[in-house]
Amino acid sequence: MANQAYPLFEKIAPKNTTQRCLDITILYLLISLIVYRILNLSSHGFTWLLAFLCESWFAFLWLLILNAKWSPLKYRTYPEHLLEMVPELPPVDMFVTTADAVLEPPILTINTVLSLLAVDYPSQKLACYVSDDGCSPLTFYSLLEASKFAKLWIPFCNKYNIQVRAPFRYFSREYISLAANSSFQFQQEWTKMKDEYEQLSGKIEAAAQKTVPCELKGEFAVFSDTQRNNHPTIIKVIWDNKEDLSQGLPHLIYISREKRPKQPHHFKAGAMNVLTRVSGLMTNAPFMLNVDCDMYVNNPQIIMHAMSLLLGTKNEKDCGFVQCPQKFYDGPKDDPFGNQLVVLSEYLALGIVGIQGPFYGGTGCFHRRKIICGLWPDDEGNEGTQLTSTDGKSADQDLIMKFGKSNELIQSVSHALKGREDYSRDLKNSIEAAHQVAGCGYEYGTSWGTKVGWIYGSVVEDILTGLRIHSKGWRSTSISPDPPAFLGCAPSGGPASMTQQKRWATGLLEIWLSQNSPIFGTLMGKLQFRQCLAYIWIHTWCLRSIPELCYAALPAYCLISNSNFMPKVHEPAIYILVALFSIYQLYTLSEYLRTGLTIRAWWNNQRMDRIVITGARLFGVLSVITKFLGISETVFEVTKKEQPTSSDGDGDDAEVGRFTFDESPIFVPGTTILLVQLTALTLSLLGLQPPAQNGNGSGLVEVMCSVWVVLCFLPFLKGLYEKGK
């Protein structure tokens, strides 16, 4: 806890009166439309009933969104006060996870690692652990070579106070002009450093072209008889900062946990739990930062910003973890795939911060180790007492059932729960115990994945783990420093975007239908009611696909059958629809314009919402159904990461920004919707519809709705006839 002579952070509640009025207006119009449907239900047929059910779901979702956006909150940190208020900065363990050296090129991973090693924080307080779930000798080789480069890179960054510390970004065309306007000495060192990085990149690219990146002997001998899903534990201390140099190279450790066929490994959650146990034996820092392999540090002061919140809160309960918003670099202009999440972070996420705190996003997050080890807020002040039995012995049967059979690990957990930082840091002597806790059978009969660590049961382990933390009564906080804390690469094509969205939708619905549902977190835990509603909003992403698909099909059905699901143009109720549509579109457009985005970006996101909901999220529903029926198991699908272009490359690509396709059935619903709408419009224009019944035939409103759907799915029309991907 920091001395509070100076504030380390402050809370800022932005005014949102206009937004609240518009949100309520839209909700009122939705309710008015539903009431109109009910009053006229008896005089209309099936289409009217289906429209009523869909619109009722949309109104429910809008109520959840209104709840989430109602009370936005920002945190402003003052890291410049930290050294004055804290006698000594605490250690931090940094975790990087990668799972596939092909889909996640090692050049991305090493840039993330280099940016972490070079942050503005005492090096002797840092340790970087890299989890390689692909057991790739190429990844290990890349880290070895990167550690050599880091010995030059870190002093260079410290000497010249370099702000962008991922080399591939710093030496890109965007930053070359900065070097050209600097001193002659700096230009010389800059050129030398650029040449060193290009040599490093060249070595890694050359190794990647080979079947085996290097001879499997010496340090690489352990990889000689390994397969991706069948290999022993491999732990290598690449660099040990034995001299505790504050400006040196932090600890760097490579970990590939044991995997065996038919043994569950629980995807990323399992890897994170192994990182937690191994780091607990080696460095046992009270705080942990985890990032994905493509999410490099963009603000070298980010750990200081995070510590301002973690150490500056009067009650640790108010800051269980610190989440940084996900932001991306080199995104295609106008966000054609709708995956840069700018507006979502600016408005909806800020509102959730003002309730019980942001969701855990899986990357760019600082955790308290003792919370990951299972501490409840009510246990504060009694930390570690649960690790000692009545006769004074630790590691009794209850502790073995909770944390496993490693006495060394139980001792490290005891230190973590008591908040002690005097844990032994002899990395080499911890290797044997680390191998034990990284084994694939270590967790059997323990609480890892159920009550301790990252929680199992979903392919979105981040949301599930954050939900469990919130359900215990902890709050979370968010920081958005300038420049942004971390930058990653968003999927750059249709297939990658849809694969990512399908995985998210599948995992979220799994949680909703399990014993980990946020409803149980409120009824039987300490999850606040409004936070529960925010979780319900995200967990029901998947379910929206069904009413959305039905609503998209209604215009075509009505045109083909010559029926209607909308009021006639001359009916007063049409004004409800016109007002609802106009206000909603102008409202969402204003959100994009206020965040500095363009009208085209707004339209791209509106269009992609329809495509993703009726495609990726629909397949997410199907995945969960087949899992519950025992037909198949959900699979963690790694999203392909784009390898950064060289500093001299122009990076131009004719396909950038175009919606690309592959043979995946995930594109079938969108294609079907488009073709059915075109068929319906053709029949309507040619007058080939059957006679209307009771005067309730289709009209101009149904035609306009059908045209709107066609516009939303226009990329599918281009995909059917244009050349390219």
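Colleague: Leaving aside its neighbours within four places in sequence, with which residues is D292 in contact?
Modeller: This is a predicted model, and in it D292 is found in strand β7, which covers residues 287–292. D292 is partly exposed, with a relative accessible area of 22%. Once the neighbours within four places in sequence are set aside, the residues in contact with D292 are T97, T112, K268, G362 and T363.

Colleague: At which residues does UniProt place the feature "binding site"?
Modeller: The annotation comes from an unreviewed UniProt entry. Its positions span 25 residues in sequence, yet no two of their C-alpha atoms are more than 10.2 Å apart, so they gather at one spot. The residues that UniProt gives for this feature are K268 and D292.

Colleague: Is K268 buried or exposed?
Modeller: The place of K268 is in helix α9, which runs over residues 267–282. Buried means under 20% relative accessible area, and because K268 has a relative accessibility of 13%, K268 counts as buried.

Colleague: How many Å separate N and O where the side chains of D292 and K268 meet in a salt bridge?
Modeller: In general, side chains of opposite charge can pair when their charged atoms come close. The side chains of D292 and K268 meet in a salt bridge, and the N to O distance is 2.7 Å. The pair links distant parts of the chain, with D292 in strand β7 and K268 in helix α9, 24 residues apart. The distance asked for, N to O, is therefore 2.7 Å.

Colleague: How far apart are the end C-alpha atoms of α9, and what span should its 16 residues have?
Modeller: Helix α9 is mostly covered, with 15 of its 16 residues buried, and the helix is followed by N284, whose phi is positive, near 55°. At 1.5 Å a residue, the 16 residues of α9 should span 22 Å, which agrees with an end-to-end C-alpha distance of 23 Å.

Colleague: Which residues of α8 are buried?
Modeller: Helix α8, residues 184–209, has 26 residues and reaches 38 Å from its first C-alpha to its last, close to the 38 Å expected at 1.5 Å a residue. An α-helix has 3.6 residues a turn, so residues three or four places apart point the same way. The buried residues of α8 are F186, W190, M193, K194, Y197, L200, S201, I204 and A207.

Colleague: How many Å apart in space are C489 and A207, C-alpha to C-alpha?
Modeller: The place of C489 is in the loop between β12 (486–487) and α17 (494–512), and at 11% relative accessibility C489 counts as buried. C489 and A207 are 282 residues apart in sequence, while their distance in space, C-alpha to C-alpha, is 23 Å.

Colleague: Which residues does N241 touch, not counting residues up to four places away in sequence?
Modeller: N241 lies in the loop between β5 (234–239) and β6 (251–256), and at 4% relative accessibility N241 counts as buried. With residues up to four places away in sequence not counted, N241 touches S123, Q124, L249, P250 and H251.

Colleague: With which residue does E88 form a salt bridge?
Modeller: A search of the whole structure finds 25 salt bridges, and in the one formed by E88 the closest N and O atoms are 2.5 Å apart. E88 lies in the loop between α3 (82–85) and β3 (92–98) and its partner in the loop between α4 (106–117) and β4 (126–132), so the pair ties together parts that are 37 residues apart in sequence. E88 is exposed, with a relative accessible area of 53%, whereas the partner is buried, at 11%. That partner is K125.

Colleague: With which residue does the side chain of D100 meet in a salt bridge?
Modeller: At 15% relative accessibility, D100 counts as buried, while its partner counts as partly exposed at 37%. The N to O distance is 3.6 Å, and the partner of D100 is R228.

Colleague: Which residues form a nonpolar patch on the surface?
Modeller: One member, I519, lies in helix α18, residues 518–523, and at 33% relative accessibility I519 counts as partly exposed. The patch has about 440 Å² of accessible area together, and its residues are I519, F520, L523 and M524.

Methods: Residues numbered from 1 in each chain as written. Predicted model: local features only at pLDDT ≥ 70, side-chain atom pairs only at ≥ 80, totals over all residues. Heavy atoms only, no water. UniProt positions renumbered as here; feature names shortened; annotations may be inferred. Helix = DSSP H or I, 4+ residues; strand = E, 2+ residues; numbered from the N terminus. Buried < 20%, exposed > 50% of the residue type's maximum accessible area, 1.4 Å probe, protein only. Contact = heavy atoms within 4.5 Å. Expected span 1.5 Å × (residues − 1). Patch = residues over 30% accessible without salt bridge, like charges linked within 9 Å, V, L, I, M, F, W, Y side chains within 5 Å. Areas by Shrake-Rupley, 256 points an atom, 1.4 Å probe, with all protein chains shown as cover. Salt bridge = Lys/Arg side-chain N within 4 Å of Asp/Glu carboxyl O.
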